[in-house]
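Subject: Structure handover

Hello,

Here is the structure I said I would pass on. My notes on it follow below the display.

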Amino acid sequence: MVFATIASFIGYSVLIYLLYVIIRSLYHYLILPRIGPYANTRWASTLKPWAVVSGGGSGIGRGFAEVLAKRGFNIIILGRSRVSLMECEEAIHSHSPNVEVISAEIDFSQPSINWIPLVRSCIENRDIALLVNNVGMNTEIPGPYTEHDYRHVNAMVNCNCSATLALTKLILPLMKQNNKGGIIFLSSCTGVWACPLQAVYSATKAFIFKYAEALSEELRISQIDVLILSPFYVQSKMSGFRRTSFLVPSAVKFAEHAILFLGRTSAPQPMFSHFLLYCGFCLASLLPSRFLLWYQKGRMEDVRMKLERRRRRDNPPSDTRDLGPTLPRDSNDESRIRLDRDEDHDTYSGVDLSAFDPRTPFDSTPFSQY
Ligand SMILES: NC(=O)c1ccc[n+]([C@@H]2O[C@H](COP(=O)([O-])OP(=O)(O)OC[C@H]3O[C@@H](n4cnc5c(N)ncnc54)[C@H](OP(=O)(O)O)[C@@H]3O)[C@@H](O)[C@H]2O)c1
């Protein structure tokens, strides 16, 4: 009798939870797209709201920059390569000619003290309503941690973690002054479920997830919204997908869906297809944790083999222990806005090696010095 009561209680609880998930999903994926973004109504009173997008020259960042421009936001794009920044600017002006665009060439793999003054000058006297903490880099090919160049590891931590911390630290106080704003964080599904052979990337994304989650609670009673995105694959240079599909949306489509959730819920999967994958991973999490780790490792080994094959096909064999294409390139391009650099510094592919002294691995400059 007692056993039957407990069993029916558990059964009803599971049913009620499933019903809740189904109703919430119907709302998210069928109703929200018809209501439109909350951000628009929220900042309609602001004359010229600005959105700052880090890593906005290409990929998901560019998707956000374009979608937000279409929604009437003026855009500050912070990115690494001048070419992609210019392409993004042109794309925005072609469909949203009334929108102002500022772009600044910044290498976020550098310690933040190098670029903070430049960001400061971009945001000064502007009504920053939205910050999209998008910038991120990964290893070119998944592989064991011991194979990764430490300089690249350090660059990843600077770019994926320190840049987000510094940008948020710069912009959040402005939002607090106005008591309105929104911050979008790009974590990843690998930040929710650890990913062997991408250990550092996965850890940096988990860092972003936890940081953003805690921050969203700190800001709950304010008028500042936090949205944490943990996508599966989105078409971009980083994911390596050249074509879109049901499971791999385009960056613009992803951004369009994502901004519908800002201010409405904090950590969703904006794409229905990703939501299905998310449910699958949640179910798999009920198994012993080694199962998912084993599965992820197998997947990454396949990716590694495919990428190595592609690399051998596309490039003649050369030194494969380079830092990968996601590192700053050794470019002679003139920056439109660039900080003066000390030319005497030891550099490698444009990266200041003095920043990679293993004795001082991370940017530890106190904010009071900025
Ligand atoms: N795509 C996915 O499947 C996926 C899945 C989960 C999470 N994410 C996350 O989503 C975010 C965007 O990813 P994505 O796929 O759009 O990547 P992406 O295609 O590589 O684009 C990243 C953008 O950031 C810029 N960038 C990279 N390193 C930089 C640096 N050191 N300094 C300044 N700018 C830099 C790139 O500039 P260049 O144009 O110069 O390269 C590019 O504009 C990342 O945080 C990533 O972790 C992506």
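I will begin with strand β1, which is largely enclosed by the rest of the structure, because 5 of its 5 residues are buried. Please keep in mind that this is a predicted model. Counting as buried takes 20 or more other C-beta atoms within 10 Å of a residue's own. The cover on β1 applies to both faces: W50, V52 and S54 are buried on one side, and A51 and V53 are buried on the other.

The chain goes on from β1 through α3 to β2, and this β-α-β crossover is right-handed. Strands β1 and β2 pair in the parallel sense, with 5 bridges between them. Within that pairing, S54 of β1 has L78 of β2 standing opposite.

β1 also pairs with β4, again in the parallel sense, over 4 bridges. One position to look up there is V52, whose bridge partner in β4 is L131.

The sheet

Where does β1 sit in the strand order? The open sheet has 6 strands, arranged β3-β2-β1-β4-β5-β6, so that β1 lies between β2 and β4, and the pairing is parallel. As for the edges, these are β3 (101-105) and β6 (224-229), each of which pairs on one side only. On average, neighbouring strands of the sheet are turned by 15° against each other, with direction ignored. In general, the strands of a sheet pair through backbone hydrogen bonds.

At the β3 edge, the partner is β2 (residues 74-79), and these two strands pair in the parallel sense over 5 bridges. I75 has V101 in β3 as its bridge partner.

Helix α3

Which strands does α3 lie across? They are β1 (50-54), β2, β4 (128-133) and β5 (181-186), and the helix runs at about 170° to β1.

The ligand

Helix α3 (residues 59-70) comes up again here: it supplies 3 residues to the shell around the ligand, the largest share. In total, 30 residues surround the ligand. The closest of them are G55, G59, S81, G136 and S236. By type, the shell divides into 15 polar, 12 nonpolar and 3 charged residues.

If you want a place to start in the viewer, take β1 with its buried residues on both faces, then follow the chain through α3 to β2, and finish with the residues closest to the ligand.

Regards

Definitions and conventions. Residues numbered from 1 in each chain as written. Predicted model: local features only at pLDDT ≥ 70, side-chain atom pairs only at ≥ 80, totals over all residues. Near = placed C-beta within 6 Å. Nonpolar A, V, L, I, M, F, W, Y, C, P; charged D, E, K, R; others polar. Pairing = 2+ DSSP bridges. Axes fitted to C-alpha atoms, helices over the stretch in contact; angles between N-to-C directions. Contact = placed C-beta atoms within 7 Å. Buried ≥ 20, exposed ≤ 12 C-beta atoms within 10 Å, placed from the backbone. Right-handed = clockwise from strand over helix to strand, strands pointing away.
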